[in-house]
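Reader: I should be grateful for a close look at one part of this model: the sheet, the helices that pack on it, and the empty space around them. Please treat it as one connected account, with the residues named.

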Amino acid sequence: MWEQYRAAHPEAVLAAPEYTVEHFGDSARLADELLAVVLSGRKRATAELVADFVARGDRIPRIGSHWIACDSSGAPRIVIRSIELRLGPFASADAAFAADEGEDDGTLESWRREHRRYWTRVAAARGAEWSEDEEIVFERFAVVWPPEHADRATTAL
C-alpha cells in the first residue's frame with residue numbers, strides 16, 4: 001500500500017517520508033469500529049495521550065506525516081496524513097474537534113465521557129493513572145490513499 005501511495009504522490013512522501021503502521025483504539029473491536037467511521041467519512045480527527053506515544057517509544061506526529069491504518073487483523077486499509085496538530089489538556093477539546101472525531105453522537109459531552117473511559121483504561125494498562133491535566137495530541141487528518149477512500153479536497157496532499 002505504501003509503495004502504491006509513494007508512486008502516486010512522490011512529492012508528499014519526499015516532504016514527509018516517515019510513517020507508522022497502527023490501528024485505532026486498544027482492542028480489535030474498537031480498531032474495526034473506528035476504522036469504519038473513518039471509511040464512512042465521518043471521522044477526520046483523533047486524540048492520543050502524549051504519555052502513550054512515550055510509552056511505545058514513538059515520537060508524536062508532525063504535520064504532513066503519514067500513518068497506515070490497519071484493521072483488527074493487521075491488514076493495511078488506508079493511508080492517513082496529519083494536517084493539523086496541537087497539544088493541550090483534556091479541557092481544551094472543543095465541540096468542533098468532537099464533531100470532527102465523528103464518534104458516538106459527535107457532541108463534546110459524549111467525547112468527554114468516552115475519552116475519560118478510554119484514557120483511564122489505557123493508562124491503567126500501562127500501570128499509570130490518567131489525569132485530565134495530561135498532554136493530549138489533538139490531530140486532524142486526511143485520508144490520502146487508496147483513491148476510493150481519499151478525501152477529494154486533499155488528494156494532492
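**Sheet, helices and empty space**

Author: Helix α6 lies across strands β2 and β5, and runs at about 40° to β2. The model is a predicted one, and the values that follow are computed from it. Helix α6 spans residues 108-125, and it is a useful starting point for the account below.

The sheet on which α6 lies is an open one of five strands, arranged in the order β1-β3-β4-β5-β2, with mixed pairing. Its edges are β1, residues 19-22, and β2, residues 45-49, each of which pairs on one side only. From one strand to the next, the twist averages 35°. A further helix, α3, made of residues 28-40, packs on this sheet and touches β3, β4 and β5. The direction of α3 makes about 90° with that of β4.

The pairing along β4 can be followed in detail. On one side, β4 is joined by five bridges to β3, residues 66-70, and these two strands run antiparallel. Within this pairing, Ala-69 stands opposite Ile-78 of β4. The two strands form a hairpin with five residues between them, where Gly-74 takes a positive phi near 90°. With β5, strand β4 shares nine bridges, and again the pair runs antiparallel. Ile-80 has Val-143 of β5 as its bridge partner, while Leu-87 stands opposite Val-137, also in β5. As a general point, the side chains of a regular strand alternate between the two faces of the sheet.

The segment after β5 holds Pro-146. The peptide bond that leads into this proline from Trp-145 is cis, with omega near 0°. A second backbone feature occurs in the loop between α5 and α6, where Asp-104 is placed. Phi of Asp-104 is near 50°, a positive value in a residue other than glycine. Both features depart from the general pattern, because most residues other than glycine have a negative phi and most peptide bonds are trans.

Asp-104 also belongs to the lining of the largest cavity, which brings the account to the empty space. A search of the whole structure finds two cavities of 30 Å³ or more. The largest holds about 60 Å³ of space. Its lining includes Asp-104 together with Ala-98, Glu-101, Thr-107, Trp-111 and His-115, among others. Helices α5, residues 95-101, and α6 each supply at least two residues of this lining, and the largest share, four residues, comes from α6. By class, the lining divides into two nonpolar, five polar and four charged residues.

The second largest cavity holds about 40 Å³. Here the lining is made by Glu-84, Leu-85, Arg-86, Phe-97, Phe-138, Glu-139 and Arg-140. Strands β4, residues 76-88, and β5, residues 136-145, each supply at least two of the residues in this lining, and β4 and β5 are the antiparallel pair joined by nine bridges. Three nonpolar residues and four charged ones form this lining, with no polar residue among them.

The open space is described by the largest pocket, whose volume is about 1100 Å³. It is lined by 45 residues, of which Phe-24, Gly-25, Thr-46, Ala-47 and Tyr-118 are the closest to its centre. Several elements each supply at least two lining residues: β1, α3, β2, α4, β3, α6 and β5. Helix α6 gives the most, with eight residues; it thus recurs here, having supplied the largest share of the lining of the largest cavity. The lining of the pocket divides into 16 nonpolar, eight polar and 21 charged residues.

Charged residues also meet in pairs, and the structure holds 16 salt bridges. One of these joins the side chains of Arg-62 and Glu-18, at 2.7 Å from N to O. Arg-62 lies in the loop between α4, residues 50-56, and β3, and Glu-18 lies in the loop between α2, residues 10-15, and β1, so this pair ties together parts that are 44 residues apart in sequence. The strands that follow these loops, β1 and β3, stand next to each other in the order of the sheet, and each supplies at least two residues of the lining of the largest pocket.

Technical notes:
Residues are numbered from 1 along each chain as its sequence is written. This is a predicted model: local features need pLDDT of at least 70, side-chain atom pairs count only at pLDDT 80 or more; totals for chains, interfaces and linings use all residues. Side-chain values use heavy atoms; hydrogens and water are left out. On a 1 Å grid over the protein atoms alone, a cavity is a set of points where a 1.4 Å probe fits but cannot get out, and a pocket is an open set with protein on both sides within 12 Å along at least five of seven lines; lining residues have an atom within 4 Å of a point. Grid points are joined across faces, edges and corners, and a volume is the space filled by probe spheres set on the points. Ala, Val, Leu, Ile, Met, Phe, Trp, Tyr, Cys and Pro count as nonpolar, Asp, Glu, Lys and Arg as charged, and the others, Gly among them, as polar. Two strands pair if DSSP finds at least two bridges between them. Axes are lines fitted to C-alpha atoms, for helices over the stretch in contact, and angles run from 0 to 180 degrees between N-to-C directions. Contact means heavy atoms within 4.5 Å. A salt bridge is a side-chain nitrogen of Lys or Arg within 4 Å of a carboxyl oxygen of Asp or Glu.
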